[in-house]
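The exercises below are meant to be worked through with the structure open beside the text. Please try each task before reading the solution that follows.

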Amino acid sequence: MAVCARLCGVGPSRGCRRRQQRRGPAETAAADSEPDTDPEEERIEAGAAALAGAGGGRGAGPSPPPRCSLLELPPELLVEIFASLPGTDLPSLAQVCTKFRRILHTDTIWRRRCREEYGVCENLRKLDITGVSCRDVYAKRINPRVKSGRFMKILPDYEHMEYRDVYTCLLHRYRHILGLWQPDIGPYGGLLNVVVDGLFIIGWMYLPPHDPHVDDPMRFKPLFRVHLMERKSATVECMYGHRGPHNGHIQIVKKDEFSTKCNQTDHHRMSGGRQEEFRTWLREEWGRTLEDIFHEHMQELILMKFIYTSQYDNCLTYRRIYLPPSHPDDLIRPGLFKGTYGSHGLEIVMLSFHGKRARGTKITGDPNIPAGQQTVEIDLMHRIQLPDVESLRSFNELSRIVLEVREQVRQEQQQREDGAEDGEGRAPQSPREPQRGPAQPSVELPAEKGGGPADGEAAAAAAPAPEQPAQSGQGQPFVLPVGVSSRNEDYPRTCRMCFYGTGLIAGHGFTSPERTPGVFILFDEDRFGFIWLELKSFSLYSRVRATFRNAEAPSPQAFEEMLKNIQSLTS
Ligand SMILES: [Zn+2]
């Protein structure tokens, strides 16, 4: 305010106050809804104000030349200036004087703030005129099966809406829930992206594709939405269940945490009772019926997940997560991947790089290894040279190679500990592909819906030949050893390189967790695998190509902190 007063050049703005006194309440209201109607008057007023400012506090004598004042500017220019300021600064600007306050009623200012700060492109006034009816706007946002006549009747009244209301009562008010989140739902976790979508704020839950199709795109469904049903009052609706949006509630508990609550959980119930709810859930979650799943242990796991997760009824607490920061030297671009986890189905794993190590952190989890835990850790200092394909078919041969590396790792660890005592250190060998151009990781991949697996292959083909002379640009042949089980027989048959790694295994309820040796196999920019030696099992991971908004970590430290936090919550 002090700054604005100085810009005005009039202190507490005599001119504006005078104007206020002159006007009756009706006139003020008219000016509010239809600002800047009399530029001539503004100029006169500004001149008077400038003179008052220039003469104020001085004795008699020649007046200095009038100072340039913001008030002298034509209103349309002031609108332009105000529209370029952050929306959060505008309320204090409105306190400077009546003129400023009046100008700040101009909705184009707020429209620009909505667009620049929150990406709102929708035009409140032209939703119907341009052929995009409110109905279409809504229909786009729901699963067609959810569409019901009931909802159509309760569309918001955009006629009397203003961008200022959208900005202050919706976007600004709920800005803290935008971004990427993990629900606290026992061991299962999850992935939620809260985004501004048109004139809505929508919480999209992302689900892996059906097991075992890791290359399929992620599925998503809305869990809640917030929008203005009337001026100055945002409505939170629960979107859970199959009976359309209904009354919900959002509470921002503390920084980086919020909770959702459903006020009408009867909307989640189905006429066919729990049986029907389970069958529907199963079809959505697994894409099949319980009869199709022959494996008894798998049936138990599925039933358990349904019973556990459905009791929450969309009343969940979410904690903020970030996408991993990337560095040009990373082995591949870090990010989210869909991975096969045997009877547990597909799970979402976050791959991040930490100097000599890469980590896979579970974003979704299971009763054995819960969400938040580090499922795989890759030792980028220790590459594993796979034998030729014939020898690779022998599990014992692979096992021998991996255990040798493990022994080497153990010995080096020992030496480092001894060396630390002697004050010596060894320079580590570089784990990276030496020929890798720094430009490659910055290549933007298309969004999940648009992109195909061809992009990853193109990137792999474009990558220069690896360091081994035996390997061509296509990589070396790869096959799973006999006896190693895989959910997906459709894994790549060539790989770029392999590293020693460890995988976390535990009993039910995360009992006796243990890091066990394994092999990390890099297939291409978008796919990797892990052979769990002790489990004689193989996990295939494929990149999540969906674009998540507001998901960048503010700093690498904030990312590390987040990883530590989500891990400690389930330990
Ligand atoms: Zn609900």
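**Exercise 1: the zinc site**

Task: Determine which residues coordinate the zinc ion, and what arrangement the donor atoms make.

Solution: In this predicted model, the zinc ion is held by C238 (SG), H246 (NE2), C262 (SG) and H268 (NE2), at 1.9 to 2.2 Å. The next step is to look at the angles: the 4 donor atoms subtend 101 to 118° around the zinc ion, and the arrangement is therefore tetrahedral, since four donors count as such if all angles lie between 85 and 135 degrees. For reference, the ideal angle for four tetrahedral donors is 109.5 degrees.

Turning to the sequence, the donor residues follow the spacing C-x7-H-x15-C-x5-H. H246 belongs to strand β6 (residues 246–254) and C262 to strand β7 (residues 257–262), so this pair ties together parts that are 16 residues apart in sequence. As a last step, consider accessibility: H246 is buried at a relative accessible area of 3%, and C262, at 5%, counts as buried.

**Exercise 2: a pair of helices**

Task: Describe how helix α5 and helix α8 cross, and find the residues that make the contact.

Solution: Begin with the axes of α5 (residues 75–83) and α8 (residues 107–118), which come within 9 Å and cross at roughly 25°. That angle makes α5 roughly parallel to α8, because angles under 35 degrees count as roughly parallel. The crossing of α5 and α8 is right-handed. On the α5 side the contact is made by V79, E80, F82 and A83, and on the α8 side by T108, I109, R112 and R113.

**Exercise 3: two leucines**

Task: Establish where L504 lies, whether L504 is buried or exposed, and which residues are in contact with L504; then do this for L533.

Solution: L504 is placed in strand β16 (residues 497–507), and its relative accessible area of 9% makes L504 buried, the limit being under 20%. Setting aside neighbours within four places in sequence, L504 is in contact with I369, Q373, Q374, T375, F510, P513, E514, R515 and W532. The C-alpha atoms of L504 and G518 are 9.9 Å apart, with their positions 14 residues apart in sequence counted as the separation.

L533, by its position, belongs to the loop between β18 (527–532) and β19 (537–543), and L533 is buried with a relative accessible area of 7%. Not counting residues up to four places away in sequence, L533 touches F395, L398, S399, V402, L403, P517 and G518. For one of these residues, V402, the C-alpha atom is separated from that of L533 by 8.6 Å, although L533 and V402 are 131 residues apart along the chain.

Notes
Residues numbered from 1 in each chain as written. Predicted model: local features only at pLDDT ≥ 70, side-chain atom pairs only at ≥ 80, totals over all residues. Heavy atoms only, no water. Donors = N, O, S within 2.8 Å, 3.2 Å for Na, K, Ca; no water. Tetrahedral: all angles 85-135°; square planar, octahedral: opposite > 155°, others 65-115°. Helix = DSSP H or I, 4+ residues; strand = E, 2+ residues; numbered from the N terminus. Buried < 20%, exposed > 50% of the residue type's maximum accessible area, 1.4 Å probe, protein only. Axes fitted to C-alpha atoms, helices over the stretch in contact; angles between N-to-C directions. Parallel < 35°, antiparallel > 145°, perpendicular 65-115°, else oblique. Left-handed = near helix turned anticlockwise from the far one by under 90°. Contact = heavy atoms within 4.5 Å.
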